[in-house]
Amino acid sequence: MNRRALIVGITGQDGSYLAELLLQKGYQVHGIVRRASTFNTGRIDHIYADRHEPDTRLFLHFGDLSDGTGMRRIVEEVKPNEVYNLGAQSHVRVSFDEPEYTADVVATGTLRLLEAVRDYMLGSKQTVRFYQAGSSEMFGSEAPPQNEKTPFHPRSPYAASKVAAHWFATNYREAYGMFICNGILFNHESPRRGETFVTRKITRAAARIKLGLDHKLHLGNLDAKRDWGFAGDYVRAMWQMLQADQPDDFVVATGVSHSVRQCLELAFQEVELDWKKYVELDSRYLRPAEVDHLLGDASKAREKLGWQPTVTFPELVKMMVAHDLELAGREQTLRLSGQLQEGRRHAW
Ligand code: NAP
Ligand code: F7E
């Protein structure tokens, strides 16, 4: 097998798990990395090898969804069989602060990438399969359980932009006969989850408070409910969608939801602390419009793709707390030896 995949958003949580999966399956993997003033490849450093080394199958390219010309050049150069569009300003709360940027990257950025792939297909007569990273946030205020037939009612600039991207992708499938799948993925987490999403914010704080590195955790709405699964399971669904005979749209979810409060209980139980002593509410973390309850019905993915989640929410929290305890332990050692100064991070 000599298949080439292009992952936009390879440095993110999902991009890193997907790159691992595709490398295991024998793909040559190309990823798009944003230029930053600091290294932003921490999640993929363990699978990266210098391109001068023999047998390297992972290649990185500088690019950005806001730069259509660059996207086009990368697609032409890589000649991918599969493109996974995971790139996004993916934080819902931040999308209220940066709505234009979010729409440009998430909605128009998807359009730019679709155009680049369409033109490459026209010129080369090659087929490219395209995965679009849709989100349960698109359902917004629609009552649970949500499935592929549930209407969209987005509640944030992020969600509205994902709806636009979803319809751009659907339109390109219908208009140009392209093989495009919209995954509608419910929340999925892991030890690699960004530290400003609520599960990771909680598991990280529980570990740091346990080791005396922090004393308080400030949060917003504790009543929101989400259907949280494990990212490693969800990237498998992305790949399975692109291996099907026909392009289609799929909800990917566990079918079980928990509240933020329940997440707190599970995480702090792991470190044998009472969360109520440490958590304080901060209205800065509330959203101008909230999504109260997301709970997915993934029957279609189960029946048509044979996809199933393998990790329960309590197992996921346990995995994340264990990882964050290890990180906090390392930080504590460095601080005690004077090699690391005390510092705080800006977080949402
Ligand atoms: P993530 O950790 O935030 O990763 C997002 C990726 O997009 C990162 O590689 C990021 O680069 C990149 N990116 C950001 N702005 C970009 C731009 N202007 N041009 C190109 N790339 C850009 O998100 P994730 O959790 O892995 O999620 C992957 C995708 O699935 C996203 O589209 C997200 O919206 C969607 N999604 C996520 C979930 C979930 O629960 N995780 C659920 C449904 C849908 P940097 O590393 O440089 O920031
Ligand atoms: O919030 C509440 C918050 O930021 C979950 C993204 O991957 O999944 C993610 O979006 C809930 C919300 O994820 C804090 O109000 C309370 O109700 O972890 P989150 P999200 O907004 O569901 C979807 C599927 C995506 O597509 C997105 O890309 O937790 N919450 N207090 C808080 N949330 C945060 N971040 N921080 C708090 O302090």
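The surroundings of two ligands, one helix and two single residues are described here for a predicted model.

Ligand 1 is surrounded by 25 residues, and those closest to the ligand are Thr-11, Arg-34, Asp-64, Ser-90 and Tyr-158. By class, the shell around ligand 1 consists of nine nonpolar, 11 polar and five charged residues. Polar contacts to oxygen atoms of ligand 1 involve both side-chain and backbone atoms of the protein. A polar atom in the side chain of Arg-34 is placed 2.8 Å from an oxygen atom of the ligand. From the backbone, an N or O atom of Leu-86 is found 3.0 Å from an oxygen atom of ligand 1, and a polar backbone atom of Gln-13 is 3.1 Å from an oxygen atom of ligand 1. On its own, ligand 1 has 900 Å² of accessible area, of which the protein covers 91%. Two or more residues of the shell come from each of helix H1 (13-24), helix H4 (99-124), strand S5 (129-135) and helix H5 (157-176). The largest contribution to the shell around ligand 1 is that of S5, which supplies three residues.

The loop between S5 and H5 holds Ser-156. Ser-156 has a relative accessible area of 5% and is therefore buried, the limit being under 20%. Apart from neighbours within four places in sequence, the residues in contact with Ser-156 are Val-92, Ser-95, Phe-96 and Glu-137.

Around ligand 2 there are 24 residues, of which Ser-90, Ser-135, Tyr-158, Arg-287 and Glu-290 come nearest. Ser-90 and Tyr-158 are thus listed among the nearest residues for ligand 2 and among the closest for ligand 1. The shell around ligand 2 is made up of nine nonpolar, nine polar and six charged residues. Backbone atoms of the protein approach both nitrogen and oxygen atoms of this ligand. A polar backbone atom of Thr-196 is 2.9 Å from a nitrogen atom of ligand 2, while for Gly-220 the distance from a polar backbone atom to a nitrogen atom of the ligand is 2.8 Å. An oxygen atom of ligand 2 lies 2.8 Å from a backbone N or O atom of Val-198. Of the 700 Å² of accessible area that ligand 2 has on its own, 96% is covered by the protein. Helix H6 (198-210) and strand S8 (217-219) are the elements that give two or more residues to the shell around ligand 2.

Helix H6 contains 13 residues and spans 18 Å between its first and last C-alpha atoms, close to the 18 Å expected at 1.5 Å a residue. The helix is mostly covered, with 10 of its 13 residues buried. The buried positions in H6 are Thr-199, Arg-200, Lys-201, Ile-202, Thr-203, Ala-205, Ala-206, Ala-207, Arg-208 and Ile-209. Strand S7 (188-189), S8, helix H8 (260-270) and helix H10 (313-336) are the elements against which the buried residues of H6 pack. S8 thus packs against buried residues of H6 and, like H6, gives residues to the shell around ligand 2. Just after H6, a positive phi of about 80 degrees is found at Gly-212.

Helix H10 includes Leu-327. The relative accessibility of Leu-327 is 33%, so this residue counts as partly exposed, between the limits of 20% and 50%. Leu-327 is separated from Asp-45 by 282 residues in sequence, and their C-alpha atoms are 17 Å apart in space.

Methods. Residues are numbered from 1 along each chain as its sequence is written. Chains are lettered from A and ligands numbered from 1 in the order in which they are written. This is a predicted model: local features need pLDDT of at least 70, side-chain atom pairs count only at pLDDT 80 or more; totals for chains, interfaces and linings use all residues. Side-chain values use heavy atoms; hydrogens and water are left out. A residue is near a molecule or strand if one of its heavy atoms lies within 4 Å of it. A polar contact is a pair of N or O atoms within 3.5 Å; within protein, one must be able to donate a hydrogen and the other to accept it, and residues adjacent in sequence count only if both atoms are side-chain atoms. Accessible areas come from the Shrake-Rupley method with a 1.4 Å probe; for residues, only the protein chains shown count as cover. Helices (H or I, at least four residues) and strands (E, at least two) are DSSP runs, numbered from the N terminus. Ala, Val, Leu, Ile, Met, Phe, Trp, Tyr, Cys and Pro count as nonpolar, Asp, Glu, Lys and Arg as charged, and the others, Gly among them, as polar. Buried means under 20% relative accessible area, exposed over 50%, partly exposed in between (1.4 Å probe, protein chains only). Contact means heavy atoms within 4.5 Å. The expected span of a helix is 1.5 Å times one less than its number of residues.
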